[in-house]
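Subject: Handover of a structure and its findings

Dear colleague,

I am pleased to hand over the structure that we discussed. Please find the sequence and the coordinates shown directly below.

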Amino acid sequence: MKKILTGLKPTGDLTLGNYIGSIKQMIKLQDEYDSYIFVADLHALTIPQDPKELNERIRKFIAMYIACGIDPNKNTIYLQSENEFIPAISYLLECSTYYGEASRMIQFKEKSKQNANFSVGLLTYPVLMAADILYCDADFVPVGIDQKQHVELARNIAERFNNKYGEVFKLPEPLISSTGVKIKDLKDPTKKMSKSEENPAGVISMFDTKEEIEKKILKATTDSDNMVKYDPENKPGISNLLNIASSITNTEIKDLELKYKDFGYGDFKKDVASIVSNHIAEIQDKYNNIINDEKLDKILDDGIKKSRELAKEKYDDMKKILGIVRFEI
Ligand code: AMP
């Protein structure tokens with residue numbers, strides 16, 4: 001079975017956009033691949049974080065992913081920071097990474113422009129990401145287009161290392177979802193629903209109450225022609241609500257258009273509001289059962305054990321091949 005690996009950066013709140021655009025895809029992939037999922041808590045530190053908030057979010061993230069349907073029996077789930085071999089591998093990889101190629105990463109260029117006092121971690125985190133991917137011989141890394149360059153960097157570093165020292169790493173490939181639908185902001189449906197958005201009225205958090213969710217959907221921006229039709233260009237608000245309903249109910253858009261053909265926008269929104277709020281409430285029920293359960297620790301203990309064993313093996317191989325061992329190689 002081919003291996004895939006996904007890192008979840010515990011910053012901001014998980015949104016309906018994350019759920020539909022990412023978590024639901026991961027749930028599909030868990031049946032086809034040997035799947036590794038980790039909380040990228042070290043990556044969160046590339047920009048300043050409040051320690052207490054970050055700490056709370058780590059457990060919340062994992063519990064919410066499991067509540068959404070990520071199956072601990074089908075996934076190896078762990079916290080990145082609990083595997084001390086990963087940063088150690090990252091350092092060894094840094095010594096095979098050119099400063100030029102790291103500083104050419106688009107995300108580094110953009111984020112370093114936003115704040116003159118950026119950390120060295122902002123420059124080196126793609127190498128840490130390479131370590132995340134390469135230690136466990138991941139075949140595929142599902143990423144958005146914005147992270148594709150980082151997977152390519154991991155592949156380039158691996159190839160360079162292999163060519164110089166011998167076959168140590170499998171060469172990973174990015175897995176770009178072609179079908180993934182983008183969920184739009186409810187207040188401004190021309191832009192993506194994002195956890196960093198300042199106006200919460202356009203963003204549904206997976207932790208919102210039923211009332212909050214319903215209110216946000218009822219107040220979603222639409223056009224004025226009162227016809228429920230899928231037309232992202234001219235009717236971005238209605239099309240966004242159709243996308244949301246389609247994904248949650250696993251119904252084709254054309255069937256939804258048929259279902260709602262005699263509905264005005266008010267009734268359509270009421271129906272979508274109830275579909276979304278009920279669905280998220282069910283997920284939250286599961287979340288509440290998991291968040292303080294010892295089983296969550298058992299899942300993370302099992303995950304980190306497996307992850308550490310693999311990483312230690314890779315680190316020892318690397319050290320040996322590099323000559324940094326006390327015995328003669
Ligand atoms: P982010 O929350 O931006 O770090 O994104 C994490 C993952 O969720 C990525 O795979 C994104 O593509 C996905 N994602 C985030 N927001 C949306 C959205 N509004 N619609 C679809 N997918 C999203």
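The notes that follow go through the findings by topic.

Please bear in mind throughout that this is a predicted model.

The ligand and its surroundings

The residues that surround the ligand are Gly17, Asn18, Gly21, Ser22, Val181, Lys182, Ile183, Lys192, Met193 and Lys195. Sorted by class, this shell consists of three nonpolar, four polar and three charged residues.

Polar atoms of the protein approach the ligand at several places. The side chain of Asn18 has an N or O atom 2.8 Å from an oxygen atom of the ligand. Backbone atoms take part as well: a polar backbone atom of Ile183 is 2.7 Å from a nitrogen atom of the ligand, and a nitrogen atom of the ligand lies 2.8 Å from a backbone N or O atom of Met193. On its own the ligand has 480 Å² of accessible area, of which the protein covers 72%.

Strands β1, β2 and β3

Strand β1 comprises residues 3-8 and runs parallel to β2, to which it is joined by six bridges. Within this pairing, Thr6 stands opposite Ile37 of β2. Strand β2, residues 34-39, also pairs with β3 in the parallel sense, here over five bridges. In that second pairing, Tyr36 has Thr76 of β3 as its bridge partner.

How enclosed are these strands? For β2, five of the six residues are buried, so this strand is largely enclosed by the rest of the structure. For β3, which spans residues 75-79, five of the five residues are buried, and this strand is therefore largely enclosed by the rest of the structure too. In a regular strand, side chains point alternately to the two faces of the sheet. In β3 both faces are covered: Asn75, Ile77 and Leu79 are buried on one side, and Thr76 and Tyr78 are buried on the other.

Cysteines

How many disulfides does a search of the whole structure find? The search finds zero. Two cysteines may be noted for their surroundings. Cys95 has a relative accessibility of 55% and counts as exposed, because the limit for that class is over 50%. Cys136 has a relative accessibility of 1% and counts as buried, because that class lies under 20%.

Two residues with positive phi

Asp137 is not a glycine, yet its phi is positive, near 60°. Asp137 sits in the loop that lies between α7 (120-134) and β4 (140-142). With a relative accessibility of 25%, Asp137 counts as partly exposed.

Asn226 likewise has a positive phi, of about 60°, without being a glycine. The loop that holds Asn226 lies between α9 (210-218) and α10 (236-249). Asn226 is partly exposed, at a relative accessible area of 42%.

Two buried lysines

Lys24 belongs to helix α1, residues 16-29. Its relative accessible area is 19%, so Lys24 is buried under a limit of 20%. Lys24 and Gly69 are 45 residues apart along the chain, and their C-alpha atoms are separated by 8.0 Å.

Lys314 is part of helix α13, residues 294-322. At 7% relative accessibility, Lys314 counts as buried. A polar atom of the Lys314 side chain lies 2.7 Å from the backbone oxygen of Val168.

Further positions

Is Ile145 buried or exposed? Ile145 is exposed, with a relative accessible area of 67%. Its place is in the loop between β4 and α8 (148-165). Ile145 and Pro174 are 29 residues apart in sequence, and their C-alpha atoms are 9.1 Å apart in space.

Thr249 lies in helix α10 and is partly exposed, with a relative accessible area of 33%. The side chains of Thr249 and Thr251 are joined by a polar contact of 2.8 Å. Asp41 is 208 residues away from Thr249 in sequence, and the C-alpha atoms of the two are 32 Å apart in space.

With kind regards

Notes: Residues numbered from 1 in each chain as written. Predicted model: local features only at pLDDT ≥ 70, side-chain atom pairs only at ≥ 80, totals over all residues. Heavy atoms only, no water. Near = heavy atom within 4 Å. Polar contact = N/O pair within 3.5 Å; in protein donor to acceptor, adjacent residues only side chain to side chain. Areas by Shrake-Rupley, 256 points an atom, 1.4 Å probe, with all protein chains shown as cover. Nonpolar A, V, L, I, M, F, W, Y, C, P; charged D, E, K, R; others polar. Buried < 20%, exposed > 50% of the residue type's maximum accessible area, 1.4 Å probe, protein only. Helix = DSSP H or I, 4+ residues; strand = E, 2+ residues; numbered from the N terminus. Pairing = 2+ DSSP bridges. Disulfide = S-S within 2.5 Å.
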